[in-house]
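Consider how charged side chains pair across a chain, and then how a single helix sits in the fold. The account below takes the salt bridges before the helix.

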Amino acid sequence: MCQEKNCKGKKPYYITTAIAYTSGKPHIGNTYEIVLADSIARFRREQGYDVRFQTGTDEHGQKIEQKAKEAGVAPQEFVDKVAGQIKGIWDLMNTSYDKFIRTTDKGHEAQVQKIFKKLYDQGDIYKGHYEGLYCTPCESFWTPSQLVDGKCPDCGRDVQPAKEEAYFFKMSKYADRLIEHINSHPEFIQPVSRKNEMMNNFLLPGLQDLCVSRTSFTWSIPVSFDPKHVTYVWLDALTNYITGLGYDCDGGHGPLFEKYWPADLHLIGKDIIRFHTIYWPIFLMALDLPLPKQVFGHPWLLRGEGKMGKSRGNVLYADTLVDFFGVDAVRYFVLHEMPFENDGVISWELMVERLNSDLANILGNLVKRTISMINQYFGGQVYDKGAGAEVDEDLKAVVLESVKKTVARMDELRVADAIGEIFNIFRRCNKYIDETMPWVLAKEEASQERLATVLYNLAESVTIGASLLSSFMPETSEKILAQLNTGKRGFEEIGIFGKYPSGNKVVEKPEILFARMDLKKVMEKVEAMDEKAREAAVGEAAAEEKAEPVLDVEAKPEVTYDDFAKLQFQVGEIIACEAVPKSRKLLCSKVKIGSQVRQIVSGIKSFYTPEEMVGKKVMVVVNLKPAKLAGVLSEGMLLCAEDADDNLSLMVPEKDMPAGAEIC
């Protein structure tokens, strides 16, 4: 996050993602959006902007109320858990957001109530009755003519007749003004195909008034002056973009709102473009606020031929992919494989191919060869001897032109094309090695200055490429620059060739950035994973038919009582808990056991937030030999139960027991 003293004089840039719906764990298609937004935010920071990057969760609605009921928990408990999962995945993917807003935040809820009342008082909202066909998953009403084969046009699911008293927003009051704005601001909706869709399918035929309250469920923000009504999803969810900045409906806006609004970019999926380019601008017009500068509806990341979804059985999750390939490789996949306007495709085969060809071969092998040759021929020293040749000028021209093209592509939000330009640098470097043949130059004493210059040009080119790469693959960029023993090149110098310090020394042993993978072995692991998932699904189905579900696990060898008696179990009380930095699985808890407090590290971050942990009474193995996990000392073990789906649940005493009580 940009500190005020460092941002003084910089041009503000406010970017947001859509807030993720807390109905369940986000798949890799959902995760693509936060990685895309992060790459844009990082790039703008590199360009010198004072960036504000906001994301978060959408936590109200009938669907959430139903899912919480099915899970046997209160809606707030349900969304707390899912919001924790979403935030955990965003953190796992190394995204640099400044604000994670939740629509259950009290400040947001208070402003939504004020906004609703303001719009009602000025005549933009009125009470009526709604009768139509309702899609619960999409939380949308439809007329019969809008259905596709009798199904919801957005998700293809069944719709149900619904009639209820509701408040409505007068959309038609602002329609002409919005049409004029879109026509006079061609950059407002991107890509252009989305603009044409909104104009031809919704605005030009005429807007219907929008239902903005419901009475058939309760899990939402109550209408302050009519408590039997709750605020309908879009008036609640869309306003997060201003409430997260400190917008005050009474006029006392916070400094962030005054500084960053209007947003420079709302980055959203193409399936919700209508809400962001029609409903949201009209709400802002009614509030007398400026409209966002641009709304970009990105395409979908598909698995095979269709959009990912649990019901389709084709879901991939970011944490699963990270386990196979690593964070930066997954970031590369989702960014590189998504075209500007058309849907992208992800598959295990394609990911292995990209890892081996692009990351291991083109990039990883280039860095390793360059540093190895510098060490082999010049003891790790990089010298610019000025012994140039015609091929050098072509290398420099390609590198500097790629820098310009990368910036141009990012200005157009063509992120995949920008990454392609960066990899053109690395491809040209590999070709340059084949053209100059350093191993041949090394054999002749008279060619030593030429050899030094060749290796200098490689070090400089890789430095420029790695610096550009930092917005997309930040950890990889950092590793490359560390091996070259140089800092990231700033944008004020990245377009100048020859800034790498002559005489600098690289690391002695280059690190393998990406190891090649065997597709056959990967697919065997995937099949085993899928088989486990299928077995778990069968187990879940069987459990629904049984009063008492069971789970059989593989038996371990028998032990004697003397073996068992060596272990000491006690009740502990968690008095503090925090996430372990740079770990996607670990939480570090301070556990009170009698008069002692121990530090215990556990791999339960996907199932509990640090806030949920504090205050729990848990079962602890207290006499395990201390060990370090992710560099953090752990002095015991928390006992958990694990189901067939790898879900964990802490073991807790049935009755309240004092911290330190022995378990026997």
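This is a predicted model. Side chains of opposite charge can pair when their charged atoms come close. In this structure there are 33 salt bridges, and three of the pairs are followed here, together with one network.

The pair to begin with is Glu337 and Arg354, whose closest N and O atoms are 2.4 Å apart. Glu337 belongs to the loop between helix H13 (327-336) and strand S16 (344-346), and Arg354 to helix H14 (residues 348-378), so the salt bridge ties together parts that are 17 residues apart in sequence. Are the two partners buried or exposed? Glu337 has a relative accessibility of 14% and counts as buried, because buried means under 20% relative accessible area. Arg354, at 19%, also counts as buried.

Another salt bridge joins the side chains of Glu460 and Arg489, with 2.8 Å from N to O. Glu460 is in helix H18 (residues 448-469), while Arg489 is in the loop between helix H19 (474-483) and strand S18 (504-505); the pair links distant parts of the chain, 29 residues apart. Both Glu460 and Arg489 are buried.

Helix H19 itself supplies a partner to the next pair: Lys479 in H19 is linked with Glu511, which lies in the loop between S18 and helix H20 (519-545), 32 residues apart. Their side chains meet in a salt bridge at 3.8 Å, N to O. How exposed are these two residues? Glu511 is partly exposed, with a relative accessible area of 37%, and Lys479 is likewise partly exposed, with a relative accessible area of 37%.

Salt bridges can also share partners. Lys127, Glu165, Asp226 and Lys228 are joined into one network in this way.

The remaining element is helix H4, which covers residues 75-92. Its 18 residues reach 26 Å from the first C-alpha to the last, close to the 26 Å expected at 1.5 Å a residue. Which residues of H4 are buried? They are Phe78, Val79, Val82, Ala83, Ile86, Ile89, Trp90 and Leu92. An α-helix has 3.6 residues a turn, so residues three or four places apart point the same way. The buried positions of H4 can be read with that in mind, among them Phe78, Val82 and Ile86. Just after H4, Asn94 takes a positive phi of about 60°.

Definitions and conventions:
Residues are numbered from 1 along each chain as its sequence is written. This is a predicted model: local features need pLDDT of at least 70, side-chain atom pairs count only at pLDDT 80 or more; totals for chains, interfaces and linings use all residues. Side-chain values use heavy atoms; hydrogens and water are left out. A salt bridge is a side-chain nitrogen of Lys or Arg within 4 Å of a carboxyl oxygen of Asp or Glu. Helices (H or I, at least four residues) and strands (E, at least two) are DSSP runs, numbered from the N terminus. Buried means under 20% relative accessible area, exposed over 50%, partly exposed in between (1.4 Å probe, protein chains only). The expected span of a helix is 1.5 Å times one less than its number of residues.
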